[in-house]
Amino acid sequence: MEHALDITLTVNGTRVRHRVEPREHLIDFLREKLGLTGSHVGCEHGVCGACTLRVDGQIVRGCLMLAVQANGCRVDTVEGLSDSKELARLQKAFHEKNALQCGFCTPGMLLAAQDLVLKNKKFTREEIRQHMSGNYCRCTGYQAIVDAIEEVVNG
Amino acid sequence: MGKAELPLHAPGTRTDRGYIGRSMPRPNAARLLQGRGAYVDDLRFPRLAHVVFYRSPYAHALIKKLDFKKATQAKGVIAVLDGRAVAEYCTPWVAVLGHLKGIKSPPQHAVAIDRACWQGEAVAAVVAETRAQAEDAAALIEAEWEELPAVIDMEVSLKGTSIIHKELGDNICFARTHDTGGVDEAFAQADLVVEETYGFGRHTGVCLEGRSILADYNAAEHSLTVYHSTQAPHMMQDIFSRHLGIPEASVRVIARDVGGSYGIKVHVYPDEMATAALSVMLRRPVKFVADRLESFATDIHAREHRVKVKIAVKKTGEILAFDMDDLTAIGPYSVYPRTSGIEGNQVVNLTGGPYKHQKYRGKLNVVFTNKNVTCQYRAVGHPIAVALTEGIVDKAAAALKMDPAEFRRRNLIPDDAYPYTFPSGVKFERLSHHQALDMLLNLMDYKKLRQEQKEKRKQGRHLGIGLAAMIEVTNPSPAFYGVGGARISAQDGATLRLEPTGMVTVLCSVTEQGQGTEGIFAQIAASAVGVSMDKVKVITGDTGVTPYGGGTWASRGAGIGGEAVLQAGRALRSSILDVASHVLGLAKSELEIKDDQIVHLLTQLPKLALSELGRIAYFRPDTLPMNFQSELTVTRHYTPREYGFTFTNGIQASLVDVDVDTGFVKLLKHWCVEDSGTIINPMLVDEQLRGGVVQGIGAALYEECLYSPEGQLLNGNMADYLVPMSGEMPDIICAHIETPTKQSELGAKGVGEAGTAGAPAAVMNAINDALAPLGAQVTAMPFTPERILRALKRV
């Protein structure tokens, strides 16, 4: 830890202060240091979207951002957005339509989908499919995910 | 016997099925939706050590020297060990099965000793306090290698010019020929013989959660608890016990949430065995999680096949015979304990599957190569057999200028021909090919689509329609593995317990990886006992608490585990009514359970709440007759035995638009008609089909593990190895036929692999249908734009 840096950030509404190595990824910091294991590590090279987080209102890949880069930022994860009920409509639709199987991609899917919900307009299935194309699901074949998001954004 | 005790498929029971047949959301999805699941890497343990593996950079090389001096001194390092050190704690294994006659494979160690046989094989283990420290230290290992000739191509391997394992004499792991006799005569009598060679790209499951294991050894008890991302906890319990020398009952395997498996997580992996051995050696918990690059290099691959197939037909379209020769390469070892001979064996068993020809010859050679190992991945062998069968069938139909749907209709086994013995020797209880074909053609409006295709062609667009009929192995009996000597259970069990509050706890040996097995067990248990679904809690994936069983693979969870739950539910219902009879002073035959109440059978009036019955049975048994003991925990098991496999059938169709300038294939729509017997939850069945179809589409269009001539994996990361993403996938229309298996009272057949089995063939036939007017065809999966343009002679 000879090059460790102090960071202060707000995670799910709570201020946290930690000393981290510069090389530590934001996703590893959240999972290993804070115990927020809801966001998952799928590929560690920014392709699969399982580690999707929200930093200062923008969705980002937790594996492509360093913890030190989040200094001073507001970070939201699936745990916090579940407790605040912000994801409740999407979660209900996902549950009812079985838009998840193993669930490993689901927290990332929800954050990416919520990004669309927050745009507050209607989207075609094609547009939903395009928007979700950065999030990899190996179980569902995507159709139920598109159905669930469609219900929330257009419903 | 009341209605509830009859098989669900008996006449008159359709109104008495409770939750069975209803699309219920899965209760266990709620925690996953909040990120509150418990995958192995989410667990926290004191004194947890992390292991990473130093892996061979060569496809085939002697390990001349491993120098751990610098690595051992690195910060946080606990131990650095080679194969010999790990072997002190873990015995090697040989993956052969008695019923695959002649199969051979050399002993394999958890960490390679003296020689590495594929790029990515672990040759040293580094244990440290954090994963990052272990990775840092692994980079400090200094190794000296002597490269050996690498056998990469399977034709070269078969020729045997360079033998990978000298002690085995040749590179052939397993060979088999099946011949009904009369094949050459059938070909001599045929009006038309069509021949083709199909190629299948080696690909892999790409579970989003990498393989994960956390082994926690208790030195005082000489016991081991393994938190494992696995499909088969009891199989792994047996293997850890035997190879680590710990009594079976002292090994507990716990599979909590599993982030995708698809057959990838049902095998023994050397690095996982090493992790368990290291926990014993170091007397502390040790965790290994495969990162994405390790997953591509070491998760089992599958389906590298080259198959020549020939079909003999009459002018009328009648198929007389199939003749097939399959060559497949499996890497340097047969994978333990299921072996790498099963996939090819299935191709021999299943080729020609849906059709009524009587003559068949199937030849198989399974060869070793210096690439990563291959083994059983979702739909094992089916995608190969279905594609080569349906490909050659389409080619024969085209040569006869016959519509492919009509050609199939003339050849599909009639729906009244069952029970039926197929030329490969497998037996079908009851299939519904013609019903399925009719349903599919209606569903897709086949005639109208053909019309549309004609019109689009005039406008210069190249639409293609592809059909793929298939048979599918589900609910395997011990004939799959047990008869060959593998300690893999074909039987599963369920324990049901009435809790004092009237709730029902279900413990089942079938595991959950997202298919919804826990959800359907809750539906079955609630229906069988007579309680509402919110009163049922299901526990799976823990050898310490569930009955013994096989787990989840080969489309067996619903059909086998579900039947065990049904039988246990009925037994618990009977036990509850025994208690009720004493409490109420009424005959058992006058009572039944409905909506969490004991009700009078005739009046349907509530007599006693289950919560009250539970209170009496557990806390005031003194009020019950002296000679009566309540038994409100019951266990039942089930194994299918009447047939080797409970075959089912289905048919799929794909509609594609091929851009002949770019070679890109746009998937417009996909249809899937499947007969999965009794359907417990239609929504979950549809989702299994759709997810399976998309994995099959991946194989057809995108996925291939590419190796250089030196045996280097060229695209072992998610950016270069393409998989289906939401933008490219079509909507998939599903429809169902229910032909329950009469072997069980539930009547369920499997469905988890159907989509993957049939989709590649449907997509291939659709592309070739689009290309046909241009005189082009593709036969080697995946059908990349380059391959399509080459077929069109445009590059």
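Helices here are DSSP runs of H or I with at least four residues, strands are DSSP runs of E with at least two, and both are numbered from the N terminus. The model is predicted.

**Figure 1. Asp445(B) in the loop between α13 and α14 of chain B.** Helix α13 covers residues 433-444. Asp445(B) sits in the loop that leads from this helix to α14. Its phi is positive, at about 55°, although Asp445(B) is not a glycine. Most residues other than glycine have a negative phi. Is Asp445(B) buried or exposed? Asp445(B) has 11 other C-beta atoms within 10 Å. The cut-off for exposed is 12 or fewer, so Asp445(B) counts as exposed.

**Figure 2. Gln604(B) in the loop between β25 and β26 of chain B.** The flanking strands are β25 (597-600) and β26 (606-609). Gln604(B) is not a glycine, yet its phi is positive, at about 60°. With 10 other C-beta atoms within 10 Å, Gln604(B) is exposed.

**Figure 3. An open four-stranded sheet in chain B.** What is the strand order? It reads β20-β28-β29-β30, with mixed pairing. Strands β20 (462-472) and β30 (732-737) are the edges, each paired on one side only. Neighbouring strands are turned by 15° against each other on average, direction ignored. Helix α14 (residues 446-458) lies across β20 and β28 of chain B. This helix runs at about 145° to β20(B).

**Figure 4. The pairing of β28 and β29 in chain B.** Strand β28 spans residues 648-658, and strand β29 spans residues 665-675. How many bridges join these two strands? There are ten, and the pairing is antiparallel. For one residue pair, look at Leu655(B): its bridge partner in β29(B) is Lys669(B).

**Figure 5. The cis peptide bond between Tyr418(B) and Pro419(B).** Omega is about -5° at this bond. Pro419(B) belongs to the loop between α12 (404-411) and β18 (420-421) of chain B. Most peptide bonds are trans.

**Figure 6. The cis peptide bond between Met781(B) and Pro782(B).** Here, omega is about -5°. Where is Pro782(B) found? It lies in the loop between α19 (754-771) and α20 (785-791) of chain B.

**Figure 7. The fold of chain A, with six helices and five strands.** Along the sequence, the elements follow the pattern β-β-α-β-β-β-α-α-α-α-α. The radius of gyration of chain A is 16 Å, and the globule rule gives 15 Å for 155 residues, so chain A is as compact as a globular protein of that length. The C-alpha trace spans about 50 × 25 × 20 Å along its principal axes. Of the 155 residues, 55% count as buried. Among contacts in chain A with a separation of 6 or more, 61% are between residues 24 or more positions apart.

**Figure 8. The contact between chain A and chain B.** Chain A contributes 42 residues and chain B contributes 43 residues. Which helices of chain A each supply at least two residues of the side that touches chain B? They are α2 (78-83), α3 (88-96), α4 (106-117), α5 (125-131) and α6 (143-154). On this side of chain A, 18 residues are nonpolar, 19 are polar and five are charged.

Definitions and conventions. Residues are numbered from 1 along each chain as its sequence is written. Chains are lettered from A and ligands numbered from 1 in the order in which they are written. This is a predicted model: local features need pLDDT of at least 70, side-chain atom pairs count only at pLDDT 80 or more; totals for chains, interfaces and linings use all residues. The radius of gyration is taken over C-alpha atoms; the globule rule is 2.2 Å times the number of residues to the power 0.38. A residue is buried if 20 or more other C-beta atoms lie within 10 Å of its own, exposed if 12 or fewer, and partly exposed in between; C-beta atoms are placed from the backbone. Two residues are in contact if their C-beta atoms, placed from the backbone, lie within 7 Å. Two strands pair if DSSP finds at least two bridges between them. Axes are lines fitted to C-alpha atoms, for helices over the stretch in contact, and angles run from 0 to 180 degrees between N-to-C directions. Ala, Val, Leu, Ile, Met, Phe, Trp, Tyr, Cys and Pro count as nonpolar, Asp, Glu, Lys and Arg as charged, and the others, Gly among them, as polar.
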